[in-house]
Amino acid sequence: MSIARTIAVSGLHAAELRLQVSASNIANLRSDGLLPGVPNTKNFPPAYAAVRVNQMESTGGGTSASVTRVSPAYLSAFDPSAPFADGRGMIASPNGNLANELVQVLLARFGYAANAKVIHADAQMAGALLDLTA
């Protein structure tokens with residue numbers, strides 16, 4: 001495999017991870033829970049902790065991506081109708097942003113497409129080289 005193709009494949013993997021993370025964050029934007037420190041006598045699930053992708057260049061070319069939690073993981077919100085609200089009506093709401101997640105989906109899409117084009121161009125160049133030597 002050529003260096004260009006190896007680098008592009010690492011970019012494809014990073015774009016795929018970015019899309020998975022954004023999909024998870026979008027699906028769980030309303031997955032509220034009780035605030036930390038509040039007694040959980042009815043075993044309510046905790047609030048979803050949003051995550052993000054950290055992408056950096058790899059030694060020797062390409063990119064690597066890792067997933068970390070967003071800090072702070074939740075924001076306090078007022079919802080006295082929630083069954084898990086504390087005495088003041090406060091709940092933990094995931095620290096996510098729909099607009100940011102949609103931008104991340106677009107970044108994943110364009111990153112994937114760009115890396116696929118690199119792989120296609122690399123295959124065409126390899127084919128042209130074989131045609132010249134035949």
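Me: What is the relative accessible area of Ala14, the figure that makes it buried?

Reply: This is a predicted model: local features need pLDDT (the predictor's confidence in each residue, from 0 to 100) of at least 70, side-chain atom pairs count only at pLDDT 80 or more, and totals for chains, interfaces and linings use all residues. Residues are numbered from 1 along each chain as its sequence is written, and side-chain values use heavy atoms, leaving out hydrogens and water. Ala14 sits in helix α1 (helices are DSSP runs of H or I, at least four residues, and strands of E, at least two, numbered from the N terminus). Ala14 is called buried (under 20% relative accessible area; exposed is over 50%, partly exposed in between, with a 1.4 Å probe and protein chains only) because its relative accessible area comes to 2%.

Me: Which residues does Ala14 touch, once sequence neighbours up to four places away are dropped?

Reply: Met56 is 42 residues from Ala14 in sequence, with the two C-alpha atoms 9.6 Å apart. As for contact (heavy atoms within 4.5 Å), leaving out anything up to four places away, Ala14 touches Gln55, Thr63 and Ala65.

Me: And Gly11, which residues does that one touch beyond four places in sequence?

Reply: Gly11 is in helix α1 too, and its relative accessible area of 9% is why it is buried. Tyr48, 37 residues away along the chain, has its C-alpha 28 Å from that of Gly11. The contacts of Gly11, again skipping residues up to four places away, are Thr63 and Asn115.

Me: Zooming out, which elements are included in what covers the buried residues of α1?

Reply: Helix α1 has a good list of buried residues, including Ala8, Leu12, Ala15, Arg18, Val21 and Asn25. Gly11 and Ala14 are also on that list. The cover over the buried residues of α1 includes β1, β2 (63-69) and α2.

Me: What is the distance between the end C-alpha atoms of α1?

Reply: The expected span of a helix is 1.5 Å times one less than its number of residues. With 25 residues, α1 should therefore span 36 Å. That agrees with the model, where its end C-alpha atoms are separated by 37 Å.

Me: Which element do the buried residues of α2 pack against?

Reply: Helix α2 has 36 residues and reaches 53 Å from first C-alpha to last, close to the expected 52 Å. Its buried residues are Glu101, Gln104, Ala108, Asn115, Ile119 and Asp122. One of them, Asn115, is touched by Gly11. The partner that the buried residues of α2 pack against is α1.

Me: Any odd backbone? What is omega for the cis peptide bond between Ser71 and Pro72?

Reply: Most peptide bonds are trans. The bond joining Ser71 and Pro72 is cis, and Pro72 lies in the loop between β2 and β3 (74-78). Omega there is about -5 degrees.

Me: What about Asn43, what is its phi near?

Reply: Asn43 is in the loop between α1 and β1, and it counts as exposed because its relative accessibility is 65%. Most residues other than glycine have a negative phi. Asn43 isn't a glycine, yet its phi is positive, near 55 degrees.

Me: Where in the protein is confidence highest?

Reply: The protein averages a pLDDT of 93, and 99% of the residues score at least 70. Confidence is lowest in α2, with a mean of 92. At the other end, with 96, is strand β4.
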